[in-house]
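Thanks, everyone, for making time. I'd like to walk you through a model, going from the overall layout to the DNA contacts and then to the empty space inside.

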Amino acid sequence: MAQAAQAAQGPQPGWPVTEAEALAVQDQLRARVEYADHSPVPGAPCTLVAGVDVAYDDERDLVAAAAVVLDAATLEVVAQATALAPVSFPYVPGLLAFREIPAVLAALEQLGSVPGLVVCDGYGMAHPRRFGLASHLGVLTGLPTIGVAKSPFLFRHAPVGERRGDSAPLLDEGRGRGECGPDGDEGGDEGGEEVGRALRTREGVKPVYVSVGHRTGLDAACAHTLALARHYRLPETTRRADALCRTALRAAQGT
DNA sequence: GCGACAG
DNA sequence: ATCTTGTCGC
């Protein structure tokens with residue numbers, strides 16, 4: 001079924017060290033994001049969907065990543081892998097990807113299968129510069145990706161309906177350092193550009209925040225999220241990856 | 001200048 | 001993210 005492996009390599013040569021370098025990398029990679037949908041049919045039998053997540057121990061300079069592959073229809077685990085790496089970047093809102101990606105890539109590489117979609121714990125297009133960790137991971141792997149976050153970051157949205165499946169546009173009203181300026185059409189009618197969606201996956205529970213990463217459309221991203229979050233607020237992919245990376249980190253700490 | 005700010 | 005006990009409810 002699964003295979004748990006580990007790797008302990010440092011950040012790649014050329015990995016950004018300063019914020020300015022990281023910003024430059026984002027600006028360069030952002031042009032390679034593809035917005036046409038190439039993701040699988042949501043919930044289709046025998047298609048593979050992966051979830052990735054990381055856990056930190058800054059004290060010991062350690063980050064543990066996990067990648068878990070599920071059957072999109074049954075939500076059963078098909079494969080999983082973990083990887084350890086040194087913390088490659090400090091936490092800076094807007095530059096999260098530089099902290100998570102090296103370890104996540106290592107975990108994905110040790111997977112025995114190639115998923116048709118990768119679900120990230122965070123944002124994709126819903127990012128001050130439209131290049132969140134889901135976008136970043138997508139460009140580096142070429143895989144369709146989406147971001148499903150637990151809080152709205154710097155965006156706002158109208159109240160979301162109470163039933164499962166209800167949603168409201170996530171709007172960028174122009175904060176954070178991204179863009180400002182009075183020119184250009186923001187895409188939306190009033191209130192800013194739609195960068196994602198606040199989506200209710202469970203009745204009476206706080207919504208999740210979905211945005212497009214690479215090679216996936218927003219409608220498809222929401223459909224995938226709903227198909228993966230049938231039992232809990234968060235997609236089964238992120239729940240499984242979260243549990244696995246915590247276990248991997250504890251195991252590493254006891255070493 | 002100050003506060004907010006995915007994980 | 002992480003530090004942390006019990007508790008109310010399906």
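Chain A has 5 helices and 8 strands, where helices are DSSP runs of H or I with at least four residues, strands are E runs of at least two, and both are numbered from the N terminus. Reading from the N terminus, the order of elements in chain A is α-β-β-β-α-β-α-β-β-β-β-α-α. Of its 255 residues, 53% count as buried, and buried means under 20% relative accessible area, exposed over 50%, partly exposed in between, using a 1.4 Å probe on protein chains only.

A bit of housekeeping before I go on. This is a predicted model, so local features need pLDDT of at least 70 and side-chain atom pairs count only at pLDDT 80 or more, while totals for chains, interfaces and linings use all residues. Residues are numbered from 1 along each chain as its sequence is written, chains are lettered from A and ligands numbered from 1 in the order in which they are written, and side-chain values use heavy atoms, with hydrogens and water left out.

Okay, DNA strand B. There are 18 residues around DNA strand B, and Y91, G94, L96, K150 and S151 come nearest; being near means that a heavy atom of the residue lies within 4 Å. On the DNA side, sugar and phosphate make up 44% of the strand B atoms that come within 4 Å of the protein. By class, that surface has 8 nonpolar, 4 polar and 6 charged residues. For the classes, Ala, Val, Leu, Ile, Met, Phe, Trp, Tyr, Cys and Pro are nonpolar, Asp, Glu, Lys and Arg are charged, and the others, Gly among them, are polar.

So which protein atoms lie 3.2 Å from a base nitrogen of DNA strand B? For L96 it's a backbone N or O atom, and for Y123 it's a polar backbone atom. L133 also brings a backbone N or O atom to a base nitrogen of strand B, at 3.4 Å. I'm calling these polar contacts, meaning a pair of N or O atoms within 3.5 Å; within protein, one must be able to donate a hydrogen and the other to accept it, and residues adjacent in sequence count only if both atoms are side-chain atoms.

Now DNA strand C. Around this one we find A55, Y56, K150 and R246, which by class is 2 nonpolar, no polar and 2 charged. Here the partners are phosphate oxygens: a polar side-chain atom of K150 sits 3.2 Å from one, and a polar side-chain atom of R246 sits 3.1 Å from one.

On to the empty space. Rolling a probe the size of a water molecule over the atoms shows where empty space is left. On a 1 Å grid over the protein atoms alone, a cavity is a set of points where a 1.4 Å probe fits but cannot get out, a pocket is an open set with protein on both sides within 12 Å along at least five of seven lines, and lining residues have an atom within 4 Å of a point. Points are joined across faces, edges and corners, and a volume is the space filled by probe spheres set on them.

The largest pocket holds about 370 Å³. Its lining has 20 residues, with L96, D121, G122, Y123 and L133 nearest the centre, and they split into 11 nonpolar, 6 polar and 3 charged.

How many cavities of 30 Å³ or more turn up in the whole structure? Just 1, with about 70 Å³ of space. V52, D53, E100, I101, V104, C120, D121, L133 and L137 line that cavity, and α2 (97-109) gives the most, with 3 residues. One of the lining residues, I101, lies in helix α2 and is buried, at 3% relative accessible area.

Last stop: the annotation. The unreviewed UniProt entry has a "binding site" covering D53 and D121, though such annotations may be inferred rather than shown by experiment; positions here follow our numbering, and feature names are shortened. The two span 69 residues in sequence, yet their C-alpha atoms are no more than 6.2 Å apart, so they gather at one spot. Both are in the lining of the largest cavity. D53 belongs to strand β1, and at 5% relative accessibility it counts as buried.
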